[in-house]
Amino acid sequence: MENMTLKSNKEIILQTVEEGVFFLNSDYAIEGEYSSALEFIIDQKIVEGQNFLDLLKSRVPENIINNTIEFLNLMFRDDLDDETVNELNPLTTVEFHFENRWGLWTSSKFLSFRFKRVNQDGQIMKLIGTVRDVTKPVTLTKKIEEIEETTNRQMEWLVNILRVAPPLLKEFVDVSELELAQIDTELKRFKGTEDSKVILTRVIKSLHQLSNNTSLLNLKFFTDKLRIFEIEMQNLRKKENIGGSDFVPAVIQLGEIRQMLKDIKHLMQRFKHYSHSLRPTRRFEGGLLLRTIENLVENLSRELNKQIKFSADKFDHTLIPYTHQQIFREFIIVLIRFTIFYGIETPEERKSNNKAPTGTLQIETFSDKQLCGFRLRHDGRLVRIERLLQKTIEMVGSKSERDHPIVSDQLGSEVIRLLFMPSLATPSLSEAEYIKEIFGEMEMVKQKLKMHRGKIKITFTSENFCEYTISLPIT
Amino acid sequence: MMNETDLHFFIDSTMNYFEEVTNEKASAGIPYIKDEEPVVLGYTGIIGISGKRKGSIYITTNEAMLKEIAHIILGLDDIQGDDIKDLVGEIANTISGNVRQAYGSDFMISVPVVVEGKAKDIKMPDNIQSFVVPLTWKDHKSFLVVCLE
């Protein structure tokens, strides 16, 4: 009777206990009586006499299985202290991996196994093992560690991001994703070594466009990453024989950049005020163009120590069809960068030329039934144009293009040609690199204009004003 | 996240396979990040990786290439059905063997799974970036897809 009660109590315990409880004999076989929770915790059916090590196979890495064998061997040695041996338990917290029918990992559980000796007559008869599912606390700890790591990294980003108007940031993310998609498309086109330089050139252009966009928004962390990447790509372009494997660093970095963009999007979502204002209308998106330009002028003048009065009173973005706004945006950015870098002088230079220390830069839009476009006018020096102009003035004895339309037309084409000739860069090395970049962009503008059947016209006088007019057909 | 060394390692392992087994070098194209576009040819050998790092790799190729490799290895002119499947599994297995050697026993490598026929796509873990490496051996195209946490 007493024995029956004992048996019954043992069964009740094994059926109700929340831990997996089992007994291991010296062959590491699981004995017949074990708690009901065991199969649930380890997510496996146990067959009679199942070897404990077999349960671990395909669930934990080989090194843990090997360590477990050693540990269990020691547990059955009665000359060794139980507690000391237990310190070697490799299953204190172990990740159990679960796979789908293709053998691909799908999920994990973190389990904690403990073992105690069962002694009889001073002999170790078996081990009693317990297992608990510690997935929740372990994943929580991992998550906290991850969050700490990401938070530290993203703090700098956040400082940068919070300074940018949310719609501008959203626009930046959208445009960046497009550029990255463009880079991916280029990479997929690779056919052989001959192609690689062409592809690299296109990738570099896209990267350049991306880093221009990020510098417009002062997203330093992103600009730095892109600049390093761009330099690496430029170095790669210099290599004689380029194979697919040479692009591995590039592709990995692209992956990292994608991840950064994803993180930025995630950060944006975490702020309610962003999500609230991230639904701009097309009209509002048009307004972003002007704000982008204003940011560009402000940042670039500060960077180059120039004083510029920017005027956009006659800039009406609604005159530019929505479909043309991206291309106009590119043209305007390139021309403004060119103008501020080349045309508008520093206050000291202007003073020595009897000019007001602050330069002026004006932009206006226009449209009719067939065309739309913009004019950009500045009062800076006319650099190479100036020399050319001087030469022409001497030839025709006139000071104004209006007096000699034919000559000025020729002059205009010559100026355009000069503007798009990269070989004219001269100054210091870093500046030369920068100028090369700008000329590269100007070349791109020229090609895009041609593609869109657009036109560029440059009007100027010797009185220190230069006006670019860019127009595109509306349909 | 996967780094340059990882990706180089997988590419080199695959290149070595072709060179050692066929005495003919394969060439790797420019790798790219996998998007929604499926990367699946007629025969695909998939290996799951778990343990310290998780993910999977697969090589996908066509029947003509496998037949040509079989001809070189086995001297057979025309192999069919299961033999072709075994061969793509063998390629995947060799790559997995190299992975095991390089990454040590902290990693778990699954038995290769072979998918025959142009499946819609091979499902890879959503939260991990997959890199596609186009391969050319002789005139045959194949792809190595690597996805590692």
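This is a dialogue between a trainee and a mentor on reading a predicted model, with chain A and chain B taken in turn.

Trainee: Before looking at any single residue, how many helices and strands does chain B have, and in what order do the elements run?

Mentor: A good habit is to start from the elements and their order. In this predicted model, chain B has 3 helices and 8 strands, and from the N terminus on they run α-β-β-β-β-α-α-β-β-β-β. Of the 149 residues of chain B, 46% count as buried. Among contacts in chain B with a separation of 6 or more, 66% are between residues 24 or more positions apart.

Trainee: How many residues of chain B are in contact with chain A, and which elements supply them?

Mentor: Here one counts the residues on each side, and then asks where they sit and what class they belong to. On the chain B side there are 29 residues in contact with 24 residues of chain A. Helix 1 (4–22), strand 1 (26–28), strand 2 (32–33), strand 3 (43–51) and strand 5 (107–109) of chain B each supply at least two residues of that side. Sorted by class, the side of chain B that touches chain A holds 14 nonpolar, 11 polar and 4 charged residues.

Trainee: Taking one residue of strand 3 of chain B, B:G48, is this residue buried or exposed?

Mentor: The test is to count the C-beta atoms around a residue, with 20 or more within 10 Å needed for it to be called buried. B:G48 has 25 other C-beta atoms within 10 Å, and is therefore buried.

Trainee: With which residues is B:G48 in contact, leaving aside its neighbours within four places in sequence?

Mentor: It helps to sort such a list by chain. From chain A, B:G48 is in contact with A:E99, A:W102, A:G103, A:L104 and A:W105, and from its own chain B:G48 is in contact with B:S56 and B:S110. As a further distance to check on the structure, the C-alpha atoms of B:G48 and B:S96 are 9.0 Å apart, although 48 residues separate the two along the chain.

Trainee: Turning to helix 2 of chain B, what span should its 12 residues have, and how far apart are its end C-alpha atoms?

Mentor: One compares the expected span with the distance between the ends. At 1.5 Å a residue, helix 2 (residues 63–74) of chain B should span 16 Å, and because its end C-alpha atoms are 16 Å apart, the two agree. The buried residues of this helix are B:M65, B:L66, B:I69 and B:A70. Seen down the helix axis, these buried residues fall within an arc of 135°, so they line one face of helix 2. Among the elements of chain B that cover them are helix 1, strand 3, strand 4 (55–61), helix 3 (81–103), strand 7 (130–137) and strand 8 (140–148). Just after helix 2, B:G75 takes a positive phi of about 75°.

Trainee: Which residues other than glycine have a positive phi?

Mentor: Most residues other than glycine have a negative phi, so a positive value deserves a second look. Among the cases here, A:S58 has a phi near 65° and lies in the loop between helix 3 (52–56) and helix 4 (62–75) of chain A. With 15 other C-beta atoms within 10 Å, A:S58 is partly exposed. In chain B, the phi of B:K138 is near 55°, and B:K138 is found in the loop between strand 7 and strand 8. B:K138 is also partly exposed, with 13 other C-beta atoms within 10 Å.

Trainee: What is the strand order of the open sheet of 4 strands in chain A, and which strands are at its edges?

Mentor: A sheet is read from one edge across to the other, with the sense of pairing noted along the way. The order in this open sheet is 1-4-3-2, with antiparallel pairing. Strand 1 (20–24) and strand 2 (94–99) of chain A are the edge strands, each pairing on one side only, and the twist averages 35° from one strand to the next. Strand 1 is joined to strand 4 (residues 123–133) of chain A by 5 bridges, and A:F23 stands opposite A:I128 in strand 4.

Trainee: Where in chain A do two strands form a hairpin?

Mentor: For a hairpin, one looks at the pairing and then at the residues in between. Strand 6 (residues 359–367) and strand 7 (residues 371–378) of chain A pair in the antiparallel sense over 7 bridges, and they form a hairpin with 3 residues between them. Within this pair, A:F366 stands opposite A:G373 in strand 7. Strand 7 of chain A also pairs with strand 9 (residues 465–473) of chain A, in the antiparallel sense over 8 bridges, where A:F374 stands opposite A:I470.

Key. Residues numbered from 1 in each chain as written. Chains lettered and ligands numbered in written order. Predicted model: local features only at pLDDT ≥ 70, side-chain atom pairs only at ≥ 80, totals over all residues. Contact = placed C-beta atoms within 7 Å. Nonpolar A, V, L, I, M, F, W, Y, C, P; charged D, E, K, R; others polar. Buried ≥ 20, exposed ≤ 12 C-beta atoms within 10 Å, placed from the backbone. Expected span 1.5 Å × (residues − 1). Arc of directions from axis to C-beta. Pairing = 2+ DSSP bridges. Axes fitted to C-alpha atoms, helices over the stretch in contact; angles between N-to-C directions.
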